[in-house]
Amino acid sequence: VNGVVSHLVQAIRGKDGCFSSIERQSAGSYYERVKISEPNEFDIMLVMPVARIQLDESDDTGAYYYVSFKRSPKEKGLLKFLDEDEKLSAFKMLQALREIIKQEVKNIKDVEVTVARKKAGSPAITLQIKNPPSEISVDIILTLEVQHSWPLSTQGGLKIEQWLGKKVKRDMRFRSLYLVAKQNKREKVLRGNTWRLSFSHIEKDLINNHGNSKTCCESDGPKCCRKGCLKLLKYLLEQLKMKHPKELEKFCSYHIKTAFLHCCVTWPNDSDWHLGDLDHCFQQCLGFFVDCLQKSQLTHFFIPQYNLLSLEDKARHHFLSRKISHELNNGFPVFHE
């Protein structure tokens, strides 16, 4: 994966002037060290710094924005990606990036790499790396990095004061803002010019530096079971999705990660997560998640007004909550299959 991605990053920087400042950043479960099963899926963000922009909300979730330039951008090449309303079109940028990648994978000699067909509404360009013993998929996600204060919609989010402290929160809120090319499905006319806030860089930090005491899980510090819980939660959803692909297709590991972060806030102390209490903590987290499913309400960790469980999917939420309750009450048969 590293070889393929480095090759592509070099090529992308050279091919189109406006992508010359792109940097690679790793996101997702493998890099948060909470990957379960074999590492066959990777998320790579291609991060592009963009200056002097204006953000306008595109709906009431507080997560989707239009991006326009306050003044003509330094990278003049970006102008070709503006749509007729002078908004930066995620669709046009992704298309250009996709074309470069499609051409470039042909030049990778030592492994067989193909670009998967475009999935509707997905912000990723997916590479398939054929490589015995198993196929690897790499999601490449185009990300804008903007030095911009966090939008108003994030005001009441990231409630980590009791868990990690006010200073950590303040430092996190000073970090730059990430926007990923993601179609907002609520728009009446789908133009492909919306961008969604992404906090994956902050989430990675929260999960890797998860202790209420600064030494939690360090080599000589006390160990906790937070990451063990997250792995089990993700594994459970993965197994259930394999059994019920159609009914559970709308659920993803981000739902689990969000519920888990809320649990870390609900139980902020390291003493709530003793290493030996894994089974108890896991069941507590599951209880919290089932509760969210039953209410069809899972608040985005950074954007309190944004509910990740949309009300029209109530039947699906109840289906998953029944399946999880069945597992909980019967000693998790799905783990033994």
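## Strands β6 and β7

Let's start in the middle of things: strand β6 (residues 124-130) and strand β7 pair in the antiparallel sense, with six bridges between them. Two strands count as a pair if DSSP finds at least two bridges between them. Helices (H or I, at least four residues) and strands (E, at least two) are DSSP runs, numbered from the N terminus. Within this pairing, Ile129 stands opposite Ile136 in β7.

## Before we go on

What you see is a predicted model, where local features need pLDDT of at least 70 and side-chain atom pairs count only at pLDDT 80 or more, while totals for chains, interfaces and linings use all residues. Residues are numbered from 1 along each chain as its sequence is written, and side-chain values use heavy atoms, with hydrogens and water left out.

## The whole protein

Count the elements and you get ten helices and nine strands. The C-alpha atoms fill a box of roughly 55 × 45 × 45 Å, taken along the principal axes. With 337 residues, a compact globule would have a radius of gyration near 20 Å, and the protein's 21 Å agrees with that. This radius is taken over C-alpha atoms, and the globule rule is 2.2 Å times the number of residues to the power 0.38.

How much of the protein is buried? Buried residues make up 50% of the 337. Here, buried means under 20% relative accessible area, exposed means over 50%, and partly exposed is in between (1.4 Å probe, protein chains only). The protein exposes about 16,600 Å², and carbon and sulfur atoms supply 51% of that area. Accessible areas come from the Shrake-Rupley method with a 1.4 Å probe; for residues, only the protein chains shown count as cover.

Contacts tell you about the fold too. A contact means heavy atoms within 4.5 Å. Among contacts between residues at least 6 apart in sequence, 63% join residues at least 24 apart.

## Back to β7 and its neighbours

Strand β7 covers residues 136-146. Nine of its eleven residues are buried, so β7 is largely enclosed by the rest of the structure. Besides β6, β7 pairs with β2 in the parallel sense over ten bridges; there, the bridge partner of Val50 is Val146 in β7. β7 also pairs with β8, in the antiparallel sense, over four bridges. In that pairing, Val146 stands opposite Leu177 in β8, and Glu145 has Tyr178 as its bridge partner.

Take a look at Ser137, which sits in β7. Is Ser137 buried or exposed? With a relative accessible area of 16%, Ser137 is buried. Leaving out residues up to four places away in sequence, Ser137 touches Asn40, Glu41, Phe42, Thr126, Leu127 and Gln128.

## Strand β8, wrapped up

Five of the five residues of β8 (residues 177-181) are buried, so this strand is largely enclosed by the rest of the structure. Leu177, Leu179 and Ala181 point one way, Tyr178 and Val180 point the other way, and all are buried. In a regular strand the side chains alternate between the two faces of the sheet. Strand β9 (residues 195-198) runs antiparallel to β8, with four bridges joining them.

Leu179 is a good residue to click on in β8. Leu179 counts as buried at 0% relative accessibility, and its bridge partner in β9 is Leu197. What does Leu179 touch, leaving aside neighbours within four places in sequence? Its contacts include Ile53, Leu55 and Val67, along with Leu142, Thr143, Leu144 and Val146, and also Trp195, Arg196 and Leu197. The C-alpha atoms of Leu179 and Gln294, 115 residues apart along the chain, are separated by 31 Å.

## A few loop residues

Arg52 lies in the loop between β2 (41-50) and β3 (53-57). Its phi is near 50°, a positive value in a residue other than glycine. Arg52 is partly exposed, with a relative accessible area of 33%. Leu158, in the loop between β7 and α3 (161-164), has a phi near 50°, again a positive value in a residue other than glycine. Leu158 is buried, though, at a relative accessible area of 1%.

Finally, find Glu312 in the loop between α8 (278-295) and α9 (314-329). Glu312 counts as exposed because its relative accessibility is 70%. Ser296 is 16 residues away along the chain, and the C-alpha atoms of Glu312 and Ser296 are separated by 9.2 Å.
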